[in-house]
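User: I am new to this structure and would love a guided close look at a single part of it. Please pick one stretch, stay with it for a while, and then show me how the surroundings fit in.

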Amino acid sequence: MILVLLTFTLVCVFHGNLVFSNSNDELTNVAYSKSVRLSSFASRWHNGFYAVNGMFSDFIHTLVEKSPWLRIDLGARYQIHEIEVFARSDCCGYQLHEVDFRVGMKIHKMHLCGHFTGHASTGQRIVVFCPSNTTGRYVQLQIVAGYSNYLTPAEVLVWGKHVY
């Protein structure tokens, strides 16, 4: 009897996962391979593409400036659930600090999704959950404190779903 109940439970859990994974509510990384602009970049080896290429071993690198930023053009309207940023894994995680995360339909009219306080550690994963019903085409990260900063994240993932 216990074996039958255990088998039934496993089948129900497995079936439930299958249904969820095929539902329209599934979140995907909507930033993957999208267009990225930076406030500046140190070299062609560290341009915006490296923030959304799916690899965590490379990174973007701005020049030193007061408020460096990175902006992803998702190309369409998305409901944004969360934004993940990974600090460089080779060194210099501290360069990712005091970051505002903004989302909007227009680059000059973006709303605050969240903020990361403090300095990241090398390789740290930072997650910001956006308020319910946050929608937009653009996602921007910007260091908002200090006078001489580099922005050097390894990867940015934006979890959401397309809004028609």
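Analyst: Let's begin with a word we will need throughout: a strand here is a DSSP run of type E with at least two residues, and strands are numbered from the N terminus. Please keep in mind that this is a predicted model.

With that word in hand, here is the setting. The protein chain holds one helix and eight strands, and read from the N terminus the elements follow the order α-β-β-β-β-β-β-β-β. Of the 164 residues in the protein chain, 40% are buried. When contacts in the protein chain between residues at least 6 apart in sequence are considered, 73% of them join residues at least 24 apart.

The part I'd like to show you is strand S8, which covers residues 153-162. S8 is mostly covered, with seven of its ten residues buried. Two strands that pair with S8 are worth finding. Strand S3, residues 69-87, pairs with S8 in the antiparallel sense over nine bridges. To find one spot on this pairing, look for Ala 87, which stands opposite Pro 153 in S8. Strand S1, residues 28-29, is also antiparallel to S8, and this pairing has two bridges. Here, Thr 28 has Gly 160 in S8 as its bridge partner.

Now let's look at the nonpolar interior. The largest nonpolar core has 32 residues, and those that touch the most other members are Leu 70, Ile 72, Ile 80, Ile 83, Phe 101, Val 156 and Val 158. Two or more residues of this core come from each of strand S2 (35-38), S3, S4, strand S5 (109-119), S6, S7 and S8. S3 gives the largest share, eight residues.

Val 156 is a good place to zoom in. Leaving aside residues up to four places away in sequence, Val 156 touches Ala 31, Ala 51, Val 52, Leu 70, Ile 72, Ile 83, Glu 84, Val 85 and Leu 141. Among these neighbours, Leu 70, Ile 72 and Ile 83 also appear in the list of core residues that touch the most other members.

Next, move to the loop between S3 and S4, where you will find Arg 88. Is Arg 88 buried or exposed? Its relative accessibility is 8%, so Arg 88 counts as buried. The side chain of Arg 88 has a polar contact with the side chain of Asp 90, at 2.9 Å. Beyond residues up to four places away in sequence, Arg 88 touches Phe 59, His 61, Gln 95, Thr 122, Gly 123, Thr 152 and Ala 154.

Two residues elsewhere deserve a visit for their backbone angles. Glu 98 lies in strand S4, residues 97-106. The phi angle of Glu 98 is near 45 degrees, a positive value in a residue other than glycine. Buried means under 20% relative accessible area; Glu 98 has 21% relative accessibility, so it counts as partly exposed. Asn 133, also not a glycine, has a positive phi as well, near 65 degrees. Asn 133 sits in the loop between strand S6 (125-129) and strand S7 (135-143), and it is exposed, with a relative accessible area of 61%.

To finish, step back to the outside: the accessible surface of the protein chain is about 9400 Å², and 60% of it belongs to carbon and sulfur atoms.

Technical notes:
Residues numbered from 1 in each chain as written. Predicted model: local features only at pLDDT ≥ 70, side-chain atom pairs only at ≥ 80, totals over all residues. Heavy atoms only, no water. Buried < 20%, exposed > 50% of the residue type's maximum accessible area, 1.4 Å probe, protein only. Helix = DSSP H or I, 4+ residues; strand = E, 2+ residues; numbered from the N terminus. Pairing = 2+ DSSP bridges. Contact = heavy atoms within 4.5 Å. Areas by Shrake-Rupley, 256 points an atom, 1.4 Å probe, with all protein chains shown as cover. Core = buried A, V, L, I, M, F, W, Y, C linked by side-chain atoms within 4.5 Å. Polar contact = N/O pair within 3.5 Å; in protein donor to acceptor, adjacent residues only side chain to side chain.
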